[in-house]
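Colleague: I have a new model open and would like to learn how to read its contacts. Could you take me through a few features?

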Amino acid sequence: MAKVLTSREENYSQWYNDLVVKADLAENSAVRGCMVIKPYGYSIWEKMQAQLDKMFKETGHSNAYFPLFIPKSFFSKEASHVDGFAKECAVVTHYRLRNAANGKGIEVDPDAKLEEELVVRPTSETIIWSTYKNWIQSYRDLPLLINQWANVVRWEMRTRLFLRTAEFLWQEGHTAHATREEAIEETEKMIKVYAEFAEDFLAMPVKIGVKSENERFAGALETYCIEALMQDGKALQSGTSHFLGQNFAKAFDVKFLNKEGKQEYVWATSWGVSTRLMGALIMAHSDNNGLVLPPKLAPIQVVIVPIHKSAEQLNQISDKANEIMKQLKQRGISVKYDNSENQKPGWKFAEYELKGVPIRLAIGPRDLENNTVEVARRDTLTKSVMSLDNIDQSLETLLAEIQENIYNKALKFRDENTYQIDDYQEFKKCLDDRGGFILAHWDGTKETEEKIKEETKATIRLIPIDAPYEEGKCIYSGKPSYKRVVFARSY
RNA sequence: CGGGGUGUAGCGCAGUCCGGUUAGCGCAUCUGGUUUGGGACCAGAGGGUCGCAAGUUCGAAUCUUGCUACCCCGACCA
């Protein structure tokens, strides 16, 4: 087989880059740091969107849309928020171009300078809370549960397709509540929605927890997150949910009249997942033959490849393929029949493996005689021959099995790469040799976390919310600690 | 943003050091034929402002300067 991918063992990041491009998911664009998401990649994103959107609606949220541009002054209203984002904001300063004086090309018209510069949103808390001020007067207006699907811009120095790009697509939920308790409950509810989505659809096990102060979202009192382990032993933050307290309510003066007739500041949350999930999906499951997609997110779940010598044979195979397609479609299974003459079957086999199609059917003259079909699984790369009787039922079952198998494989990998470590030398050695999640004691101080980061490049990925009480000593300082936190090197 | 590398046909590359016919090769594409159970074969054809812009020169893919994009390593971040 012709080699199209760099192998994981040879160069993991090159493997990732090759895969994104060769599987037709995305490519770099003419704009620095920005990607073009190609149709095949975008259709995976659309599947993610559809499912998440459904889950948001089920939990009572409605979609809305807020502007891309945010007046600069809004940004400075919440001090820690501006600190967090100031270094990576794109700013619009002018609103007009003109023909260049020398007659060549165009230039920014210096006379068209904006009175107030506009920040291209890196996130929308400020524009949304300035709006919520007008929407909220009474406790009867609460809770306010809004989500928006949008693009945001963070001017990153170093970008990688899907994992970190200057512009990316995401959803951001922004909710307003009457009480602290209710807001915390919302924050926790949504991180659980993300975890459920990651596990059931991405087939990717995640750990849930809260961020340390260092890693917390700028402007939040508490940041909950889900973290997944990639095949190279690095962690990937895959979703965050923030309890914002009353910080934004105070910054934008959003108050409500409670049942007792008193003015109170509103309690806030925000939560988001992005096209980074595409990166997670790729790095969680794929192999040296290409993408491995969980059936629930695969744009094509079943592909049928005909194998024939004569045109007459092809006709017979096509009849059979059409029958199968009809049955599969009735079950809501997406299926493609690739009868193109351009490529030989072998080429097609490799191509659909590269693209991660979960099941491939091959039908040839032998199958016509025996009323069978050759079924190849992408997750195990195994082939078997199945009867065409009830093939739709068999394949539906197989898709579910593949979904489960992919999850179990990822779970096994994560468990095998999660270590309890109590010795700092061993901690460092583990990071260098194997990576993975390291459960270790930490004294709870910022200073210790920063020292560890400096010396090992590992950060606290999360503090588990359900960690058992366990007396121990901080791996770095030796001070007392009562639960283990999760360390890892991360993306 | 710092250090290093790369940019020549859709893709992968040679040519650049040491300037000089008409800029090559493989894959892909198109045409015709033979093929088809794991990336087929033969024959022919099309496709290039050599990343962009200046400069040096009789002459630039090749030398000089600036810019730009991508890749790798750092710092920063989802």
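Modeller: Start with a term. Contact means heavy atoms within 4.5 Å. Keep in mind that this is a predicted model.

Colleague: Which residues is Glu-88 in contact with, leaving aside its neighbours within four places in sequence?

Modeller: Val-153, Arg-154, Trp-155 and Glu-156. Glu-88 itself is in the loop between helix 4 (79–85) and strand 5 (91–94).

Colleague: Which side chain of opposite charge is nearest to Glu-88?

Modeller: First the idea. Side chains of opposite charge can pair when their charged atoms come close. A salt bridge needs a side-chain nitrogen of Lys or Arg within 4 Å of a carboxyl oxygen of Asp or Glu. For Glu-88, the nearest such side chain is Arg-154, 4.5 Å away. Glu-88 is buried yet has no salt bridge.

Colleague: How many salt bridges does a search of the whole structure find?

Modeller: It finds 29. Take Glu-396 and Arg-331, whose closest N and O atoms are 2.6 Å apart. This pair links distant parts of the chain, 65 residues apart. Glu-396 is in helix 12 (residues 391–416), and Arg-331 is in the loop between helix 9 (311–330) and strand 18 (335–337). Glu-396 is partly exposed at 31% relative accessibility, and Arg-331 is partly exposed at 32%.

Colleague: Arg-484 forms a salt bridge with Asp-422. Is each partner buried or exposed?

Modeller: Arg-484 has 10% relative accessibility, so it counts as buried. Asp-422 has 51%, so it counts as exposed. Their closest N and O atoms are 3.0 Å apart. Arg-484 lies in strand 27 (residues 484–488) and Asp-422 in the loop between strand 22 (418–420) and helix 13 (424–433), so the pair ties together parts 62 residues apart in sequence.

Colleague: Now the RNA. Which residues come nearest to strand B?

Modeller: Of the 40 residues around RNA strand B, Arg-158, Arg-164, Phe-168, Arg-276 and Trp-347 come nearest. By class, the surface near the strand has 13 nonpolar, 10 polar and 17 charged residues. Helix 10 supplies the largest share, 7 residues.

Colleague: What part of the RNA do these residues meet?

Modeller: Sort the atoms by type. Of the strand B atoms within 4 Å of the protein, 38% belong to sugar or phosphate and the rest to bases. An N or O atom in the Arg-158 side chain is 2.6 Å from a phosphate oxygen of RNA strand B. For the Lys-344 side chain, the corresponding distance to a phosphate oxygen is 3.5 Å. At Pro-365, a backbone N or O atom lies 3.1 Å from a base oxygen of RNA strand B.

Key:
Residues numbered from 1 in each chain as written. Chains lettered and ligands numbered in written order. Predicted model: local features only at pLDDT ≥ 70, side-chain atom pairs only at ≥ 80, totals over all residues. Heavy atoms only, no water. Near = heavy atom within 4 Å. Polar contact = N/O pair within 3.5 Å; in protein donor to acceptor, adjacent residues only side chain to side chain. Helix = DSSP H or I, 4+ residues; strand = E, 2+ residues; numbered from the N terminus. Nonpolar A, V, L, I, M, F, W, Y, C, P; charged D, E, K, R; others polar. Buried < 20%, exposed > 50% of the residue type's maximum accessible area, 1.4 Å probe, protein only. Lys, Arg positive; Asp, Glu negative; His and termini not counted.
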